[in-house]
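Hi everyone, thanks for making time. I'd like to walk you through one structure today, so please have a look at it while I talk.

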Amino acid sequence: MIQSIEEIIFDEELSVAAKGERVTALLASAGTAGIAAAITCLMETSDSQVAEHVAAYLEMIPGAQAEKTRAAERLRRTVPLAGSAARLVPWLPTATLDAFIQDYLAAPYPDSPYSAVLFNIGIYFPERLRHCADRIDSPSIEESLLSGAADDLADALLAEWKNDGDLDHLWALALIRTEHAAELIASVRDEVPNPEDWEWLMPLAGRLPDTGRAAGFHPAFMGFVADRGASKHIMGGTYPHQVPLCAECGAPAERVLTLSAGDLPHNLSHDPSFFWFSCDCDEVDVITVRFTGQGTKVYFNPQGPASREPRLTPGERSMVLEPHPNQTGVSKTAIPGSVTRNSHHQVGGLPRWPTPETHPICPECGNFMPFLAAVDSGPTPFGPVQFPWLLFGFWCDGCAVSTTRTQT
């Protein structure tokens with residue numbers, strides 16, 4: 001199989017995206033043997049393109065922590081390939097993470113092969129980098145270290161805002177996402193000149209602006225697209241009840257994700273579903289649905305039968321969940337998936353907005369809704385997700401209402 005992977009990678013007629021899709025399809029078709037082949041390839045290859053595409057496949061696969069750690073250690077020792085280990089960071093033990101950090105600090109320059117690994121350590125394990133933050137010259141990593149930062153930094157950011165009125169200081173303060181930071185954001189409600197700004201800052205810090213309740217469901221999980229039946233959380237497939245219809249062309253929305261309440265620790269009373277349209281119309285940026293014993297009630301759009309041939313996801317699949325290493329909440333701005341970057345899905349926790357927004361308001365109770373799920377675009381082991389954005393799902397459990405919102 002390694003020879004087949006190399007033949008794909010070295011085919012000059014294929015684009016980067018096509019190479020990634022073919023390597024992924026090859027490894028995915030072999031099941032657990034594909035994981036073993038990917039690990040063997042990373043243990044043996046000397047080519048950076050091969051390492052990157054194979055590591056990208058492993059990033060889509062939950063579990064296999066020991067195998068991923070072994071491959072990452074080999075990549076670390078093979079310096080030109082070290083950057084590919086960035087994709088394996090969520091599964092690495094602290095000893096391996098710290099070894100990568102020390103390798104970077106031995107020669108800390110922006111183009112270091114270890115820079116990409118440190119970037120992901122900042123996202124998933126920011127506490128590992130705080131002690132050496134002054135030796136890392138990277139604004140991107142600096143932003144990721146806001147998550148869970150100390151109270152004195154939060155106090156300093158508030159003082160800076162009071163001094164110059166620059167809202168970016170409050171934005172950074174909210175991204176610390178600790179209780180202390182949330183208290184500080186709450187304390188300036190009447191001082192922020194534009195009330196709408198405070199209404200997106202408060203949930204960014206972790207609390208809903210009206211009720212003061214948590215702005216997301218905890219704990220947080222990483223999501224992985226898996227084959228049908230691998231979990232009770234369903235992705236894609238035909239939805240059994242009526243769905244929203246596009247007000248412009250009449251096309252039915254498709255089920256992107258249905259979460260099984262009984263298989264989550266969030267004490268939900270219903271199974272939330274989130275939908276989106278596969279048409280090219282521009283009119284919709286939000287879908288809101290209520291779930292009842294008789295089916296669905298759609299707000300703000302007509303409703304009708306679901307499509308018999310949904311196409312947003314690559315067939316009916318499931319989503320497998322693993323605990324997210326960063327339970328405080330990632331502070332680094334999200335970048336929606338692309339052909340060169342794998343999808344990063346999330347259930348629970350706080351949203352990782354590309355651009356912060358206010359949370360939607362439930363049309364039943366009139367309260368702001370907490371975040372529950374994000375579905376990213378980009379490749380999966382079964383083919384790409386067919387939308388170019390991030391979808392954010394919000395859930396009012398008392399009213400059994402879901403809202404799906406998009407950002408590019």
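I'll go through the nonpolar cores and then some salt bridges. One thing up front: this is a predicted model.

Let's begin with the inside. The general background is that in soluble globular proteins, nonpolar side chains tend to be buried together. Here, the largest nonpolar core has 51 residues. If you want to find its best-connected members, look for Leu42, Leu58, Val89, Phe100, Leu118, Ile121 and Leu129, which have the most contacts inside that core. Which elements give two or more residues to this core? They are helices H1 (2–9), H2 (16–29), H3 (32–44), H4 (48–59), H5 (65–77), H6 (94–106) and H7 (115–124), together with strand E1 (221–226).

Apart from this core lies another one, with 38 residues. Val225, Leu264, Val385 and Trp389 are among its members.

Let me zoom in on Leu42 for a moment. Leaving aside residues up to four places away in sequence, Leu42 touches Ala51, Val54, Ala55, Leu58, Ala71, Arg74, Leu75 and Leu88.

Now, on to the charged side chains. How many salt bridges does the structure hold? There are 14. I picked three to show you.

In one of them, Glu59 pairs with Arg87, and the closest N and O atoms are 2.5 Å apart. Glu59 sits in helix H4 and Arg87 in the loop between H5 and H6, so to speak a link between distant parts of the chain, 28 residues apart. Are these two buried or exposed? Both Glu59 and Arg87 are buried.

Next, please find Glu143 and Lys332, a salt bridge with its closest N and O atoms 3.2 Å apart. Glu143 belongs to helix H8 (residues 139–144), while Lys332 is in the loop between strand E9 (317–323) and strand E10 (345–347), so this pair ties together parts that are 189 residues apart in sequence. Lys332 has a relative accessible area of 12%, so it counts as buried, the limit being under 20%.

The last pair is Glu364 with Lys297, at 3.8 Å from N to O. Glu364 is in the loop between E10 and strand E11 (371–375), and Lys297 is in strand E7 (residues 295–299), 67 residues apart. Both partners are partly exposed: Glu364 has 34% relative accessibility, and Lys297 has a relative accessible area of 39%.

Finally, back to Glu59 and Arg87: with Glu52, they form one network through salt bridges that share partners. Thanks for listening!

Methods
Residues numbered from 1 in each chain as written. Predicted model: local features only at pLDDT ≥ 70, side-chain atom pairs only at ≥ 80, totals over all residues. Heavy atoms only, no water. Core = buried A, V, L, I, M, F, W, Y, C linked by side-chain atoms within 4.5 Å. Buried < 20%, exposed > 50% of the residue type's maximum accessible area, 1.4 Å probe, protein only. Helix = DSSP H or I, 4+ residues; strand = E, 2+ residues; numbered from the N terminus. Contact = heavy atoms within 4.5 Å. Salt bridge = Lys/Arg side-chain N within 4 Å of Asp/Glu carboxyl O.
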